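Here are some exercises to work through with the structure on your screen. Try each task yourself before you read the solution.

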Amino acid sequence: MNIIEFNPEYQYLSSQTILNMIFIPGNPGTIEFYRDFLKMLQTKSSNNFQNNYVCVTGIGHYNHHLKTIYDNKDFEHDSYGLEYQINHHIKIIENIIQNRQNIQIIIIGHSIGCYIAIESIWKSSLILSKTTHLINLMPFILCDNLPLP
């Protein structure tokens with residue numbers, strides 16, 4: 001699985017709200033490129049949201065791995081197109097929500113990850129109901145006139 005998750009060292013209390021920041025990368029979609037960024041995000045966020053249990057989860061695109069890039073292998077983009085990637089992210093995010101109580105989601109997208117994040121929120125009422133913020137980092141699309149779901 002192409003997922004990286006950073007949690008604080010301690011266990012959260014069941015009465016605490018889980019603030020789960022979910023990061024969706026741009027192309028080539030390998031989450032390993034963002035490891036240092038995600039770790040820093042978790043550390044800084046834990047300091048700023050001390051009343052919450054902060055978790056940072058990075059979800060890479062299906063079939064996009066560093067090994068594939070370094071071996072110069074084809075990514076098989078035709079087999080796992082954009083719609084497939086959106087559905088892949090929806091399934092993982094819904095699973096995260098269903099396995100954690102008292103959860104709030106902040107979704108962060110980078111480049112094409114912004115589009116995947118927006119589509120995930122529009123297509124899943126569960127994700128929409130738990131998402132408090134959507135942050136688009138350098139989106140590849142103009143987001144000014146998007147209709148609300």
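**Exercise 1.** Find the bridge partner of E5 in β3, then describe how the two strands run.

*Solution.* Step 1: in this predicted model, E5 has T57 as its bridge partner in β3. Step 2: zoom out to the whole strands. Strand β1 (residues 3-6) and strand β3 (residues 53-59) are joined by four bridges and run antiparallel. Step 3: recall the background. Strands of a sheet pair through backbone hydrogen bonds, either parallel or antiparallel.

**Exercise 2.** Work out which side chains of β1 are buried.

*Solution.* Step 1: walk along the strand and note that its side chains alternate between two faces. Step 2: on one face you find I4 and F6, which are buried. Step 3: on the other face you find I3 and E5, which are not buried.

**Exercise 3.** Put the strands of the sheet in order and explain which ones stand at the edges.

*Solution.* Step 1: the sheet is open and has five strands, in the order β1-β3-β2-β4-β5, with mixed pairing. Step 2: β1 and β5 (131-137) each have a single partner strand, so they are the edges, and one side of each has no neighbour in the sheet. Step 3: from one strand to the next, the twist averages 15°. Step 4: now look at the parallel pairs. β2 and β4 run parallel and are joined by seven bridges; here I24 has G109 in β4 as its bridge partner. β4 and β5 also run parallel, with six bridges between them, and I106 is paired with H133 in β5. Step 5: check how covered β4 is. Seven of its eight residues are buried.

**Exercise 4.** Decide whether N20 is buried or exposed, and find what surrounds it.

*Solution.* Step 1: locate N20 in strand β2 (residues 18-24). Step 2: its relative accessibility is 0%, and buried means under 20%, so N20 counts as buried. Step 3: follow its side chain, which reaches the backbone oxygen of C55 at 3.3 Å. Step 4: list its contacts, leaving aside neighbours within four places in sequence. Among them are E5, V56, T57, I96 and R100.

**Exercise 5.** Test whether the length of helix α3 agrees with its number of residues, then see what covers the helix.

*Solution.* Step 1: α3 (residues 82-98) has 17 residues, and at 1.5 Å a residue it should span 24 Å. Step 2: its end C-alpha atoms are 24 Å apart, so the two values agree. Step 3: pick out its buried residues, including Q85, H88, H89, I93 and I96. Step 4: ask what covers them. The cover includes the strands β1, β2, β3 and β4 (103-110), and the helices α4 (112-123) and α5 (125-130).

**Exercise 6.** Which residues touch the most other members of the largest nonpolar core, and which element gives the most to this core?

*Solution.* Step 1: this core has 19 residues, and I93, I107 and I127 touch the most other members. Step 2: β2, β3, α3, β4 and α4 are the elements that give two or more residues to this core. Step 3: α3 gives the most, with six residues. Step 4: take I127 as an example. Beyond its neighbours within four places in sequence, I127 has contacts that include I90, I93, I97, I107 and I121. Step 5: look for the other core that lies apart from this one. That core has 13 residues, among them I4, F6, L19 and I106.

Definitions and conventions: Residues numbered from 1 in each chain as written. Predicted model: local features only at pLDDT ≥ 70, side-chain atom pairs only at ≥ 80, totals over all residues. Heavy atoms only, no water. Buried < 20%, exposed > 50% of the residue type's maximum accessible area, 1.4 Å probe, protein only. Polar contact = N/O pair within 3.5 Å; in protein donor to acceptor, adjacent residues only side chain to side chain. Contact = heavy atoms within 4.5 Å. Pairing = 2+ DSSP bridges. Expected span 1.5 Å × (residues − 1). Axes fitted to C-alpha atoms, helices over the stretch in contact; angles between N-to-C directions. Core = buried A, V, L, I, M, F, W, Y, C linked by side-chain atoms within 4.5 Å.
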